[in-house]
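Here's a quick briefing to keep open beside the structure. It goes topic by topic, so feel free to jump around.

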Amino acid sequence: MAVRPIVVWPDSRLREETKSVETVTDEVRALYKDLWDTMVAYQGIGIASPQIGVPIKMFLIDAMVATGEEGADPVAFINPEIIATGNETDKSDEGCLSFPGVYVPIERPSTATVRAMGLDGETFEIAGTELLARAIQHENDHLTGKLMVDFVGPLKKRMIKRKLAREADYEPDQAEI
Ligand code: NI
């Protein structure tokens with residue numbers, strides 16, 4: 001188990017194509033633990049493998065957000081697939097560990113259902129609303145190389161790039177997804 005450095009945008013590893021997991025091996029379980037440690041260290045509520053430089057289709061969401069269970073292990077979503085989203089949308093500020101200190105208002109469907117494989121190798125589905133729906137979509141985006149800056153115009157994108165360059169060595173202090 002180890003806290004791994006967070007890959008910060010515009011690092012190209014955040015755009016890398018990710019690979020599916022065939023079976024849950026010790027390597028996959030070790031990746032889960034590193035993601036968990038890193039998410040906790042940086043106080044995120046979700047984290048995706050490319051954010052620690054590993055191009056594998058897996059993300060984690062904090063148990064409180066994913067299932068409402070306090071103190072439970074984060075939920076692993078392996079080879080996730082969003083199988084349904086609602087027609088209604090919500091616009092809300094999003095943060096991301098790969099964009100420290102940056103918040104962007106993003107409009108997304110307010111409900112989302114994801115199908116994924118768990119660490120036990122079994123397929124499961126979770127239907128999310130509100131923060132969970134947003135977290136599912138945000139983390140799933142990471143696995144397809146889509147990032148918060150893809151939702152903003154060129155001017156705002158430039159401002160974000162400048163801000164991140166200025167604060168290259170940051171200490172995270174807020175919950176970010
Ligand atoms: Ni993110």
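Start with helix 3, residues 130-143: His138 and His142 both sit in it, four residues apart, or about one turn of the helix. Keep in mind that this is a predicted model. Those two histidines belong to a nickel site, where they join Cys96 in coordinating the ion.

**The nickel site**

- The donor atoms are SG of Cys96, NE2 of His138 and NE2 of His142, and they coordinate the nickel ion at 2.1 to 2.2 Å.
- Along the sequence, the donor residues follow the spacing C-x41-H-x3-H.
- Are the two histidines buried or exposed? His138 has a relative accessible area of 3%, which puts it in the buried class because the cut-off is under 20%.
- His142 is buried too, with a relative accessible area of 2%.

**Salt bridges around helix 3**

- How many salt bridges turn up in a search of the whole structure? The search finds eight.
- One of them joins the side chains of Arg134 and Glu94, at 2.6 Å from N to O. This pair links distant parts of the chain, with Arg134 in helix 3 and Glu94 in strand 4 (residues 89-94), 40 residues apart.
- Both ends of that bridge are tucked away: Arg134 is buried at 8% relative accessible area, and Glu94 counts as buried at 1%.
- Asp141 makes a salt bridge with Arg108, and the closest N and O atoms are 3.0 Å apart. Asp141 is in helix 3 while Arg108 is in strand 5 (residues 104-109), so this pair ties together parts that lie 33 residues apart in sequence.
- Asp141 counts as buried at 12% relative accessibility, and Arg108 is buried at 5%.
- Put these together and you get one network: salt bridges with shared partners join Glu94, Arg108, Arg134 and Asp141.

**Helix 1**

- Asp26 forms a salt bridge with Arg29, with 2.9 Å between the closest N and O atoms.
- Where do these two sit relative to each other in helix 1? Asp26 and Arg29 are three residues apart there, so about one helical turn separates them.
- Asp26 counts as exposed at 61% relative accessibility, whereas Arg29 is partly exposed at 35%.
- Val40 is also a helix 1 residue, and the helix covers residues 26-41. Val40 is exposed, with a relative accessible area of 52%.
- If you're eyeing Val40 alongside Val65, their C-alpha atoms are 14 Å apart in space, and the two residues are 25 apart in sequence.

**Aromatic rings**

- The structure contains four aromatic pairs.
- In one of them, the rings of Trp9 and Phe99 have centres 5.4 Å apart and planes at 25 degrees, so the pair is stacked.
- Which parts of the chain does that pair tie together? Trp9 lies in the segment before helix 1 and Phe99 in the loop between strand 4 and strand 5, so the parts it connects are 90 residues apart in sequence.
- Trp9 and Phe99 are both buried.
- Elsewhere, ring pairs link Phe59, Phe77 and Phe124 into a cluster.

Note on methods: Residues are numbered from 1 along each chain as its sequence is written. This is a predicted model: local features need pLDDT of at least 70, side-chain atom pairs count only at pLDDT 80 or more; totals for chains, interfaces and linings use all residues. Side-chain values use heavy atoms; hydrogens and water are left out. Donors are N, O and S atoms within 2.8 Å of the metal (3.2 Å for Na, K and Ca); water is not among the atoms, so sites may look incomplete. Buried means under 20% relative accessible area, exposed over 50%, partly exposed in between (1.4 Å probe, protein chains only). A salt bridge is a side-chain nitrogen of Lys or Arg within 4 Å of a carboxyl oxygen of Asp or Glu. Rings of Phe, Tyr and Trp (its six-membered ring) pair if their centres lie within 6.5 Å; planes under 30 degrees apart count as stacked, over 60 as edge-to-face and the rest as tilted.
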